[in-house]
Structures are given as C-alpha cells and as structure tokens.
Amino acid sequence: MSDIRKILVPVTFSEFSEELIGYAVDVARPLSAEVVFVNVIDQKHIQALQTIASFGYEVDETQYIQEVEKQRIGILEERLSRINYPDEKMRIVFKRGRPAAVLLKFAIDERVDLIIMEVKGKSEILHALSGSIAEKIFRYSPVPVLSYRRKEIADKLL
C-alpha cells in the first residue's frame with residue numbers, strides 16, 4: 001500500500017459526497033498521497049441542451065458549463081476547507097463526457113494508483129437499461145478500486 005501516491009475520487013455531489021471526501025483523505029493521510037477530486041459533466045446533459053436549442057430556444061452551452069463548474073467548485077472548495085489535509089496534496093478537476101470513460105481515461109493519463117468511489121444504489125430496471133458508472137469502473141479500471149459505503153449501510157450489518 002505504500003506505493004499509493006495518487007488517489008482519484010470521483011465526486012457526484014450527492015448528499016453523501018462529503019463523507020466520501022473525508023474517507024478518501026483518511027486513506028490518503030498515512031500514505032501522504034495526492035487526492036484528485038474529479039467531477040464529470042455528463043455528455044447526456046450537454047446533448048439535452050443541444051436538443052433544446054434545436055427547438056429554437058436560446059441556450060448557451062458554454063455559459064451552462066461555466067456556471068455548473070463554478071457552482072461545483074464552490075461546493076467542493078467549501079467541503080475541502082473543513083478537511084485537515086495540505087492544499088498542495090488536493091486537486092479539483094472538471095471534465096466533460098461519458099463519466100465512466102472519462103474517469104477511466106483520467107486514471108490512465110494521470111497514473112493514479114487507487115480509485116475511491118461511492119456506489120449509489122439504483123433500481124434493478126434502471127441498472128439493466130443504462131448500466132452503472134461504478135460497475136464500469138470496477139470492471140475496466142487498470143488500478144484497484146475501493147468502494148466506499150456510507151455509515152448507514154455499514155450500520156445495517158451490525
């Protein structure tokens with residue numbers, strides 16, 4: 001485990017992402033690892049904007065992306081400000097595209113050593129139709145993936 005120098009943490013801004021952030025830093029701390037928090041603006045949302053624009057509505061895709069990133073940076077910076085970990089060991093990155101593909105490419109390009117992510121529960125029907133980002137990352141990741149489970153889920157086992 002001492003070879004872990006860079007940890008990728010996909011952040012979805014769910015109500016539990018603050019727990020995930022804290023957990024990832026707790027894992028990184030004894031290793032003095034860099035933690036890279038990555039959020040992906042899903043290509044499906046951008047395509048939806050393009051569809052709306054094709055109906056004649058005025059939609060500024062660039063402004064939308066800038067505003068979303070600005071909002072999410074504010075949320076992440078606020079959450080990271082409460083974490084006791086050196087700023088130079090934490091980084092925020094925003095990407096656009098298909099989330100699983102973007103995250104896997106990022107892991108390879110950045111040579112991350114570990115991915116820590118939360119797994120959201122979805123209905124079986126939705127999962128069967130669309131697949132799961134987490135499942136794709138677990139299946140195709142070139143590095144180990146650590147699945148974070150919320151405390152309330154772990155408590156059910158006790």
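**Figure 1. Helix H4 and the residue that follows its end.** Just after H4, Arg-111 adopts a positive phi of about 55 degrees. The model shown here and in the other views is predicted. H4 spans residues 99–109. Its buried residues are Pro-99, Ala-100, Val-102, Leu-103, Leu-104, Phe-106 and Ala-107. These buried residues pack against five elements: strand S1 (6–10), strand S2 (34–42), strand S3 (90–97), strand S4 (114–118) and H6. Within helix H4, Asp-109 and Lys-105 lie 4 residues apart, about one turn of the helix. The two form a salt bridge, with 2.5 Å between the closest N and O atoms.

**Figure 2. The whole chain, for orientation.** The chain contains 7 helices and 5 strands. Read from the N terminus, its elements follow the order β-α-β-α-α-β-α-β-α-α-β-α. Of the 158 residues in the chain, 39% are buried. About 9900 Å² of the chain is exposed, and carbon and sulfur atoms supply 52% of that area. Among contacts with a separation of 6 or more, 80% are between residues 24 or more positions apart.

**Figure 3. Packing of helix H4 against helix H6.** Two packed helices are described by the angle between their axes and the distance between the axes. For helix H4 (residues 99–109) and helix H6 (residues 133–140), the angle is about 35 degrees and the axes are 9 Å apart. The crossing of H4 past H6 is right-handed. On the H4 side, the contact is made by Pro-99, Ala-100, Leu-103 and Leu-104. On the H6 side, Ile-133, Lys-136, Ile-137 and Tyr-140 take part. The four contacting residues of H4 named here are also among the buried residues of that helix.

**Figure 4. Packing of helix H2 against helix H3.** H2 covers residues 43–54 and H3 covers residues 61–81. Their axes are 10 Å apart and meet at an angle of about 145 degrees. H2 passes H3 in a right-handed crossing. The H2 residues in the contact are His-45, Ile-46, Leu-49 and Gln-50. H3 contributes Glu-61, Tyr-64 and Ile-65.

**Figure 5. A nonpolar surface patch that includes Tyr-57.** Ile-52, Phe-55 and Tyr-57 make a nonpolar patch of about 370 Å² on the surface. Tyr-57 sits in the loop between helix H2 and helix H3. Tyr-57 counts as exposed because its relative accessibility is 57%, where the cut-off for exposed is over 50%.

**Figure 6. The salt bridge between Glu-110 and Lys-6.** Side chains of opposite charge can pair when their charged atoms come close. In the salt bridge between Glu-110 and Lys-6, the N to O distance is 3.1 Å. Glu-110 lies in the loop between H4 and S4, whereas Lys-6 lies in strand S1, so this pair ties together parts that are 104 residues apart in sequence. The partners differ in burial: Glu-110 is partly exposed, with a relative accessible area of 23%, while Lys-6 is buried, with 15%. The structure holds 8 salt bridges.

**Figure 7. A salt bridge within helix H6, and a shared network elsewhere.** Arg-139 forms a salt bridge with Glu-135, and their closest N and O atoms are 3.0 Å apart. Because they are 4 residues apart in helix H6, Arg-139 and Glu-135 are separated by about one helical turn. Arg-139 counts as exposed, at 56% relative accessibility. Glu-135 is partly exposed, with a relative accessible area of 31%. In a separate group, Lys-6, Glu-34, Arg-91 and Glu-110 are joined into one network by salt bridges that share partners.

**Figure 8. The surroundings of Glu-19.** Glu-19 is a residue of helix H1, which spans residues 17–28. Glu-19 is partly exposed, with a relative accessible area of 34%. Leaving aside residues up to four places away in sequence, Glu-19 touches Tyr-148, Arg-150 and Lys-151. Glu-19 and Glu-118 are 99 residues apart in sequence, yet the C-alpha to C-alpha distance between them is 9.4 Å.

How values were computed:
Residues numbered from 1 in each chain as written. Predicted model: local features only at pLDDT ≥ 70, side-chain atom pairs only at ≥ 80, totals over all residues. Heavy atoms only, no water. Patch = residues over 30% accessible without salt bridge, like charges linked within 9 Å, V, L, I, M, F, W, Y side chains within 5 Å. Areas by Shrake-Rupley, 256 points an atom, 1.4 Å probe, with all protein chains shown as cover. Salt bridge = Lys/Arg side-chain N within 4 Å of Asp/Glu carboxyl O. Helix = DSSP H or I, 4+ residues; strand = E, 2+ residues; numbered from the N terminus. Buried < 20%, exposed > 50% of the residue type's maximum accessible area, 1.4 Å probe, protein only. Axes fitted to C-alpha atoms, helices over the stretch in contact; angles between N-to-C directions. Left-handed = near helix turned anticlockwise from the far one by under 90°. Contact = heavy atoms within 4.5 Å.
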